[in-house]
Amino acid sequence: MGSAAWNDADLLARRLGSWHHRFAGRDLFRVTAGPGWVRLQFAGDDRAGVLLTDLPGARLVTEVAGRLPESVVAALPLAPRHALVSLLGQARLTGCGLLPDDRVAAFRFARPGADDVVLLHRLFGSRGNTVLLDTGAHLLW
């Protein structure tokens with residue numbers, strides 16, 4: 001998908017809608033993250049998922065599958081003890097989409113024995129932002 005998707009809310013909403021149909025109901029297989037990025041991989045033979053980046057000049061949300069190219073891995077330093085790894089452990093994606101009249105991607109997760117959470121990824125402004133909120137809109141990360 002070209003860069004137009006990050007400036008075209010309708011196109012971005014359609015893409016997130018297709019991910020909703022494809023990934024909703026799947027457990028997270030793996031969460032990896034580092035400064036300015038998060039990768040969510042879903043259970044299933046394809047282990048497909050999404051990559052969220054909030055880096056200068058590279059604020060995006062895109063589908064990824066398999067191993068990332070070495071150049072991308074080198075550009076995304078890993079934080080092995082990242083808080084999202086434990087906060088989203090054993091979570092199941094229950095939905096995703098674009099917030100109305102905005103360019104904020106929202107991913108809703110159910111967690112066993114814990115409150116549901118929403119991961120929000122803002123795709124506009126001088127600085128993007130990614131946050132994890134509980135059902136009471138309390139900031140968890």
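Between which two helices is the loop that holds Leu-76 found? In this predicted model, Leu-76 sits in the loop that runs between α3 (70–75) and α4 (83–87). The residue is buried, since its relative accessible area is 9% and a residue counts as buried under 20%. Leaving aside residues up to four places away in sequence, Leu-76 is in contact with Trp-37, Leu-51, Leu-55 and Leu-68. Thr-130 lies 54 residues from Leu-76 along the chain, and the C-alpha atoms of the two are separated by 16 Å.

Leu-76 also belongs to the lining of the largest pocket, together with Arg-30, Thr-32, Trp-37, Arg-39, Gln-41, Gly-66, Arg-67, Leu-68, Val-73 and Leu-78. Two of these residues, Trp-37 and Leu-68, are among those that Leu-76 touches. The elements that supply two or more lining residues are β1 (28–34) and β2 (37–42), and β2 gives the most, with 3 residues. By type, the lining consists of 5 nonpolar, 3 polar and 3 charged residues. The space in this pocket comes to about 260 Å³. Empty space of this kind is found by rolling a probe the size of a water molecule over the atoms.

The strand β2 is also paired with β3 (49–55). These two strands run antiparallel and are joined by 5 bridges. One residue of the pocket lining, Gln-41, has Gly-49 in β3 as its bridge partner. The hairpin formed by β2 and β3 has 6 residues between the strands, and Gly-44 in its turn has a positive phi of about 135 degrees.

On which strand does β3 pair over 7 bridges? The partner is β4 (residues 58–64), and the pairing is again antiparallel. Within it, Val-50 stands opposite Glu-63 of β4. The hairpin of β3 and β4 has 2 residues between the strands, and there Gly-57 takes a positive phi near 80 degrees. Of the 7 residues of β3, 6 are buried, so the strand is largely enclosed by the rest of the structure.

A further series of antiparallel pairings involves β5 (92–98), β6 (104–111), β7 (114–122) and β8 (residues 129–134). The strands β5 and β6 pair over 6 bridges, with Gly-97 opposite Ala-106 of β6. Their hairpin has 5 residues between the strands, and Asp-101 in this hairpin takes a positive phi near 55 degrees. Most of β5 is covered, as 5 of its 7 residues are buried. The next pairing, between β6 and β7, is made over 7 bridges, and in it Phe-109 stands opposite Val-117 of β7. Here the hairpin has 2 residues between the strands, with a positive phi near 70 degrees at Gly-113. Finally, β7 and β8 pair over 6 bridges, and Leu-119 faces Leu-132 of β8 across this pairing.

Nonpolar side chains tend to be buried together in soluble globular proteins. The largest nonpolar core of the model has 27 residues, and those that touch the most other members are Leu-40, Leu-88, Phe-107 and Phe-109. Two or more core residues come from each of α2 (9–23), β1, β2, β3, β5, β6 and β7. The largest share, 4 residues, comes from α2. Apart from residues up to four places away in sequence, Leu-88 touches Leu-28, Val-31, Leu-40, Phe-109, Val-117 and Leu-132. This list includes Phe-109 and Val-117, the two residues that stand opposite each other in the pairing of β6 and β7.

Is Leu-132, a residue of β8, buried or exposed? Leu-132 is buried, with a relative accessible area of 0%. Its contacts, not counting residues up to four places away in sequence, are Leu-84, Leu-87, Leu-88, Val-117, Val-118, Leu-119, His-138, Leu-139, Leu-140 and Trp-141. Among them is Leu-119, the residue opposite Leu-132 in the pairing of β7 and β8. By comparison, Val-64 lies 68 residues from Leu-132 in sequence, and the C-alpha atoms of the two are 21 Å apart in space.

Note on methods
Residues numbered from 1 in each chain as written. Heavy atoms only, no water. 1 Å grid on protein atoms, 1.4 Å probe; cavity = no way out; pocket = protein on both sides within 12 Å on 5 of 7 lines; lining within 4 Å. Points joined across faces, edges and corners; volume = space filled by probe spheres on them. Nonpolar A, V, L, I, M, F, W, Y, C, P; charged D, E, K, R; others polar. Core = buried A, V, L, I, M, F, W, Y, C linked by side-chain atoms within 4.5 Å. Buried < 20%, exposed > 50% of the residue type's maximum accessible area, 1.4 Å probe, protein only. Contact = heavy atoms within 4.5 Å. Pairing = 2+ DSSP bridges.
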